[in-house]
Amino acid sequence: MITEILSPKQTGNHNLKNYEEQYNSYEWDQAEQQFSWHTTGLVNMAYEAIDRHADLGKGSNVALYYSDQNRKENYTFQEMKEFSNKAGNVLRNIGVGKGDRVFIFMPRTPELYFVLLGAIKLGAIVGPLFEAFMEGAVKDRLEDSSAKVIITTPDLIGRVPVDELPDLQKIVLVGSSVEEDAQTVDFYRHFETATTTLEIEWVDREDGMILHYTSGSTGKPKGVLHVHNAMVQHYETAKWVLDLKENDIYWCTADPGWVTGTSYGVFAPWLVGVSNVIRGGRFSPDDWYQTIEDHQVTVWYSAPTAFRMLMGAGNDVFNNYNLSSLRHVLSVGEPLNPEVVRWGMEVMKLRIHDTWWMTETGAQLICNYPSMEIKPGSMGKPIPGVEAAIVDDKGNKLPPNRMGNLAIKKGWPSMMRAIWNRPEKYESYFLSGDWYVSGDSAYMDEDGYFWFQGRVDDVIMTAGERVGPFEIESKLVEHPAVAEAGVIGKPDPVRGEIIKAFISLRDGYAPSEELQEEIRSFVKKGLAAHAAPREMEFKDSLPKTRSGKIMRRVLKAWELDLPTGDLSTMED
Ligand code: WTA
């Protein structure tokens with residue numbers, strides 16, 4: 001097979017100049033020396049990301065360019081330092097301290113970033129929640145982590161089942177005309193009068209910092225715990241992979257409810273002190289291009305679904321904007337189709353650089369670098385300091401071009417440190433103690449490039465968001481008409497996958513369009529809009545194992561007209 005190769009720009013003055021050389025000689029403590037804690041011993045991510053730049057003479061540089069339909073605001077590093085200090089003081093005054101779980105459930109606004117950084121300055125563990133979550137999803141996460149405080153808005157508080165969360169002590173409302181009571185705190189009222197200085201809680205590198213809930217194929221969403229030490233890798237990948245330099249203007253389109261929106265929407269760009277663009281509101285091709293043009297974005301990190309939607313909007317829309325500021329474009333979250341890379345070359349005249357990683361890995365692991373040749377369709381090569389391999393189910397390395405489990409040698413700085421409350425689940429990620437097994441299948445070619453093949457489990461990636469079929473199935477069977485439900489991801493040209501539900505009805509219910517619509521909105525209201533099945537099919541019964549587990553692989557085979565494989569465990 002002849003592989004297409006895209007060469008790097010000859011003129012590129014890239015941070016990572018010679019991948020092979022760097023890969024062969026790199027040790028992580030080269031990065032550690034960049035941090036103030038290397039000499040002071042005082043660790044805090046928010047200090048390194050914000051205050052350090054303000055304290056070292058870069059306080060007047062813009063840290064945040066914020067815009068949405070109604071607001072357009074800039075904040076310097078000095079202002080970010082002061083506003084996050086104020087937010088920290090508000091939280092400290094209501095009892096937030098080291099290790100407390102503080103959830104943030106609000107749309108992207110500057111305040112979200114003030115409270116996120118403020119809580120981290122107190123040594124709290126922040127749980128960011130996507131604003132589209134509905135009551136059931138919010139409850140599962142707050143309950144599992146025994147959250148002490150939630151910071152939300154008057155619009156969203158209705159989705160927080162306060163009475164069912166005995167550990168929840170305080171609700172901080174960010175909005176106008178908030179009525180305070182013993183539990184409810186008016187954010188702006190206290191923020192206004194809070195002082196701009198704050199005593200930072202210095203923590204250990206291994207102390208908890210952020211808790212991202214994510215889906216697997218079984219069970220409820222799990223809380224993936226990351227620690228302050230992750231900054232070592234955020235910092236290095238900001239340089240090598242994002243290729244950020246002092247005067248860059250960087251935009252990551254992800255919401256902080258997902259790991260990309262924190263690791264690469266907050267920490268990485270600010271650790272290297274660049275200006276970070278945050279855009280609130282929903283996706284539209286015009287708004288996105290406008291954002292790049294308005295802010296003269298130079299480095300842009302987004303997802304295949306978004307690129308496909310932009311591609312679908314047509315080159316005429318693209319041609320209405322001046323995107324000549326763009327220098328470097330990256331993608332994450334799902335397979336980046338070669339077709340999309342070709343579109344990027346055609347319209348932007350730039351290569352789109354794929355990056356591979358997961359919530360659990362905390363930061364990028366396998367990437368395409370600006371100085372490296374790209375093979376469209378490949379995720380690239382491991383970052384310096386990381387060993388990646390394809391292993392069999394026992395943990396033996398496989399030779400090139402053999403498909404198997406994509407695995408990473410344990411010990412990279414941003415690796416998750418726990419699954420909240422579930423040590424056995426955490427252990428289950430590691431094969432023979434040493435290899436972290438990702439749940440993705442892939443192969444490595446003879447040049448060391450990794451190629452994604454699919455998920456080993458039933459996790460669905462829809463429009464760049466990771467959803468677990470079990471969570472949706474559990475919600476579906478709560479509907480009075482639903483007896484059983486099996487959920488799969490069905491390939492889709494724009495969204496990567498869409499959610500399809502197979503449903504058997506209880507006695508007394510008959511399939512109809514109205515019932516479908518009702519069930520769909522039941523999931524939307526109970527979980528989240530993006531978790532609602534776009535397609536539904538009613539069946540008299542669903543394929544199950546003898547122990548009663550729905551066989552999703554059989555549903556998938558039916559759907560895609562594939563052989564159903566071994567059916568020996570299926571009930572008669
Ligand atoms: C998938 C997002 C193909 C993969 C940061 C992984 C990818 C899951 C890529 C993690 C890529 C991520 N090519 N697939 N470049 N990047 N994935 O936890 O299946 O939301 O296991 O983290 O997304 O999704 P998560």
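In the predicted model, helix H4, which spans residues 45-58, bends by about 45 degrees at Asp51. The helix is mostly covered, with 10 of its 14 residues buried, and the residue at the bend, Asp51, belongs to this buried set together with Met45, Ala46, Tyr47, Glu48, Ala49, Ile50, Arg52, His53 and Ala54. The elements that cover the buried residues of H4 include the helices H3 (37-40), H5 (77-93), H6 (110-121), H9 (231-240) and H10 (259-271), as well as strand E8 (208-214). At the start of H4, the backbone nitrogen of Ala46 is approached by a side-chain oxygen of Asn44, which reaches to within 2.9 Å of that nitrogen.

Backbone geometry was also examined in two loops. Most residues other than glycine have a negative phi. Ser177, although not a glycine, has a positive phi of about 40 degrees, and this residue is located in the loop that runs between strand E6 (170-173) and strand E7 (184-186). With a relative accessible area of 76%, Ser177 is exposed. Ala463, likewise not a glycine, has a positive phi of about 50 degrees and is placed in the loop between strand E23 (460-462) and strand E24 (465-467). The relative accessibility of Ala463 is 31%, and the residue therefore counts as partly exposed.

Residues 471-549 are covered by the annotation "domain: AMP-binding enzyme C-terminal" in an unreviewed UniProt entry. In the model, this span is 25% helix and 32% strand, and its end C-alpha atoms lie 14 Å apart.

Notes: Residues are numbered from 1 along each chain as its sequence is written. This is a predicted model: local features need pLDDT of at least 70, side-chain atom pairs count only at pLDDT 80 or more; totals for chains, interfaces and linings use all residues. Side-chain values use heavy atoms; hydrogens and water are left out. UniProt positions are given in the numbering used here, feature names are shortened, and annotations may be inferred rather than shown by experiment. Helices (H or I, at least four residues) and strands (E, at least two) are DSSP runs, numbered from the N terminus. The bend at a residue is the angle between axes fitted to the seven residues ending there and the seven starting there. Buried means under 20% relative accessible area, exposed over 50%, partly exposed in between (1.4 Å probe, protein chains only). Contact means heavy atoms within 4.5 Å. A polar contact is a pair of N or O atoms within 3.5 Å; within protein, one must be able to donate a hydrogen and the other to accept it, and residues adjacent in sequence count only if both atoms are side-chain atoms.
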